[in-house]
Each structure stands twice: as structure tokens, then as C-alpha cells.
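Me: I'm new to this one. Can we go through it bit by bit?

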Amino acid sequence: MKFRFAHESIEINAGLLIGLTLLVISIGGLVEIVPLFYIDETIEEVEGVRPYTPLEQAGRDIYVREGCYTCHSQMIRPFRDELLRYGHYSLAAESQYDHPFQWGSKRTGPDLARVGEKYSNEWHVQHLEAPRSVVPESIMPNYPWLSETALNTSDIEGKLRALKMVGVPYSDTDEEYQANVERFGEEAAKMLDIHSAEKNLIAQAQAGNYDGDRSNLTEMDAMVAYLQLLGTLVDFSKYDEGYFAEFR
Amino acid sequence: MSDNNTQQQGKAVQTTGHAWDGDLQEFNNPLPRWWIWTFYATIIFSLGYWIIYPTWPYANTFTKGVGNTITFQNSAGEEVTTHWNTRSLLIEDMQTGEEALKQKAYLEKVNAASYEEILSDPDMMAFANSMAKVVFADNCAACHGPGGDLPEQAFGLYPNVADDAWLWGGTTTEIEQTITHGRNGFMPAFGKSLNDEKLEQLANYVLGLSGHSVETDKAAAGQKIFQGQEGGCYYCHGTDGTGLKSQGAANLTDAVWTVANVPGAVKEEGKVAAVKSVIKNGITRQMPQWKSRLGVEQIKLLTLYVHELGGGE
């Protein structure tokens, strides 16, 4: 029989179809995924990025729970218009401890990657409770329960342990703590100690008074603490713009 | 294969050879020509793309693209040439892009000129207004409202910057200072040190300062608290109640209310209650600093914009 290539011969042979499909997918996978494990310079070396403190992590969990990511991205792209509106484009290093990351690609509301320290704590509380009281044209829902709901602090240790399992350097042993002191400084290292997570969480909320009410610890405290941190860890004035381009 | 053919509009068309329910068959038409050729074209396009742009990984690096480089200046003034990437593209766009250059020319002029010079130059002011309007909307409007005047429901939360009453001063120097470094507005709460009767008296006096009709005996008693050590209000608001800009203390003698919702109260009691509540609970307001977010030129433009929004001094 004379050989003639016909797609039909693949379509009618289930084994061959499966085999060739796997081959095509593997090439895509190899090309797109495998290099990420070897090209180590994709994550910029920058100072200042550290894992979230227990309070910030609790706030981040509320951010995810409330589905903020469905309307807000946390990814400033390297375009002139985004630079002028939001600030410096996001670095891979800035979300290296995010599990899962909150980059997103759909903006119903503005990007939040650099919202930290942009507004006062009072503004965030007011805006989360009743967005239209400060931004009349906003279509964001009200989140009044954040101020009324006590923050559950009992599970924070478990949360940090879970994050540690996927590679976030929260410290469990003395050795890990010392490593964190060297890497992030003593102040930050203390906040990353799993054993004092709950104590640290409460202390930071007391000191920061994020919701403007010292008498109780609410979900609003955690949420505002998280929002005020976003995009503030890297001091971009220290770096030449060309430096970040070297990682591409 | 004649079994696999059937008739469609008089032409013989191949079928897959499957038949269901006796006569239900499936055509086996070839793909349309235009589709096939578009498909081949995308393959040829990708070959070109692979050559010109960074694409294929190998070892611990990747193909950088042939004849496709970007040149920009680093902060030391040296020329850097790199393979095509979006980050370098942005730097190049900011340094040599048409729009960026147009803006840069103006920004350099803004940087070199004094506030007086810009204010007297219509061309520069037109640029200042158009650019600052956008910067204001992106950064300031969330608190101060899109036009610098607050929505009604946000009364008292943040100062109106479209009027001519200035808590921290309305000269260009003072506005620039406010935007650059931020402000912490603070008035202590008197709810613990003054009882309700005294708060009432004080509120009557304060309302009287701006010409509201008040109960004169209460106002007289309130004046003693205001001017004396008990309240010590004069320390920030001044003995005549006209305020102190270095402390961000409001002028109490004008018709502008920045925290107590006096304009929103219809009856006298409501006005007294509004003032009383502010004295009782105090005020803690914070305006963030903008120097780490905005450039010197942007702050300068914003200063001009805000200065012109309200009656600048």
C-alpha cells in the first residue's frame, strides 16, 4: 500500500491520537514551564520584600474571601499610561510570597498594586463601609460587616504553617528564625515567627489602630493593614530603571 | 469508497461512512480554502516572530531575537543597548517617545519657573491645568472630591479645597508643603474634661463667633472656657477664634465649616449639637505625604491647580 499522509488516519486511531496529543502538549509545557525552573534571573533582586506579617496575612485572606480580585487587579504593567496613573510597574519579586498571587487581568475597579499609603486609614474604613460616600460614581459594594465582625485570630498559626509548606519563609525553628534575621532584619523576623503569630497579630493591630477603634480587633483592622502595605516594600528611588530591564 | 459518497446540491460529497438510524450520515467536507491558507500564514508568521523576538529557551537563557534591540540611557547617562523587552521599551518610550517628549519639554519649563512666572503665563497654566486635573483625579479626588469639593454625603470627612478657607494655608508655598509632606490634623477630645453643660456653653460661643444667633448667657460662659485654661481653645484657634494655620486650626469666625455639619442642620439645636459633638469627640485626620509617589513637577502642578481651584492666597 502506498503511504499517503491523511489526518483521518490519526483521527480513527485512538492510541495514535492520544500519543500525538500528549507529544504536542509536552512541547508546549516544556517550552513554557520548564525554563522557569532554570532561568533564575526572572525574579529581580530587590531589598525590602518580605512575607506578610500575621495581621497583613489575615487581611489578605479577607481580601480573597470577599472576592476583591474579581474587580481589582494587583499588576501594574510596564506601559507609560499605567506608570503615570499607578506608579512603578509591578515586579515579580513583589509577589514572590503571594499564594495565590492577586495579579488578575480584569479591572472593574482600579489596580491596587500600589494603593498602600496612598490614602489615610480613615479613608479606607470609610470607603470600605460606604464607597459612594467618598467616591460618588463608584459601583463598589458596601462592606459594612468588616467593622462589625471580630477578627478570628486563633487560626493564624495554622495559616502560616500552611504557607510555610509552600515555601514562604515563616520560621518554626531557631535556625529558621536566625536565617530570617539575616535575610529580613530582626524586626521583620520577629513578625515571621510562627510561634508568636497570634501575639504579633494582636500587637500590630493595637499599635497601628487601623480601623480607628482601639477597643476591639475587627476584620477591618486586618484589611486596612493589608491594603496599606500593598506596593510599599520596595524603595524604587534606590534603583536605576535599567536595572529591572536586566531581568528580562 | 463509492459507499461513502452522497449527493449535496447535485455534487458528490464524501461522508465519514457512519450511518445512524439507517440513513443519518455525516459529511466529510474538506476545510475551507481561506481557513487552510490563514492557518499556514500563522505558521509562517510564527517563524518570523521566533527570529525577531525573544522566544525559545535553551540551557539557562533564551534566544534574544535578531536585529531587534532597544537603546536607552541609564541614570548615569550611559547608553545601554539590550534585546527587545517590555521594560526597556517603557524606558525608551519615557525618554524618546513623542508624547513623553512633548510633556517633558513642558515639565522642564515648569521645573525651572517660579509659581509667579507660571501663574502669569497662559500657555504654561493651560498645560498645568490639563495635566494637574488628571493627577488630581487619580490621587486627590478620592478624598477631596472630583472638583475639590466634596460630595454632600462626605461632609466633614475631608477639607474642601475648592473654597477659599485654608486650614494649613493657601499660599503656593504652604500648599506645596501640604502636598509634599502631608498633614496630621488633630484636635483633642474634650468629652472627658468638660461636662455636657460646659460643652453646650462652648458650642454656643463657637456658633456665636460666626454670627449665629445663640443663647447669650451660655455663650458668655462658653467664652470663659474658650479663653481660659479650662478649655484652652484659644491656644490653637486664637483668642479671636480666627485659627492658626501652623496647627491646621480652623477659623471659627467665618461661615465655612469643615467638620461640624452646621450647614446641614436646620434648627438651632441641631447646629449646637453638631458643634458639641466635634468638641466632645475631637478630630483625627491625616493627609498622606505625596513626595514618594509624585514627582517634584507633578506636585508643583497640583499646587497651582489647587491654588486656582480655591481662592489661593
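Reply: First a word on records: UniProt positions appear in the numbering used here, feature names are shortened, and annotations may be inferred rather than shown by experiment. The model is predicted, so local features need pLDDT of at least 70 and side-chain atom pairs 80 or more, while totals for chains, interfaces and linings use all residues, and side-chain values use heavy atoms without hydrogens or water. Residues are numbered from 1 along each chain as written, with chains lettered from A and ligands numbered from 1 in written order.

Me: Which residues of chain B does UniProt list for "domain: Cytochrome c"?
Reply: The unreviewed entry lists residues 127–210 and 217–310 of chain B.

Me: How much helix and strand is in 127–210?
Reply: Residues 127–210 of chain B are 49% helix and 6% strand. Helices (H or I, at least four residues) and strands (E, at least two) are DSSP runs, numbered from the N terminus.

Me: And 217–310 of chain B?
Reply: That span is 46% helix and 5% strand, with its end C-alpha atoms 37 Å apart.

Me: New topic. How many cavities of 30 Å³ or more are there?
Reply: The search finds one, with a volume of about 40 Å³. A cavity is a set of points on a 1 Å grid over the protein atoms alone where a 1.4 Å probe fits but cannot get out; lining residues have an atom within 4 Å of a point. Points are joined across faces, edges and corners, and a volume is the space filled by probe spheres set on them.

Me: What lines the largest cavity?
Reply: Its lining includes A:Ala205, A:Asn209 and A:Asp221.

Conventions:
1 Å grid on protein atoms, 1.4 Å probe; cavity = no way out; pocket = protein on both sides within 12 Å on 5 of 7 lines; lining within 4 Å.
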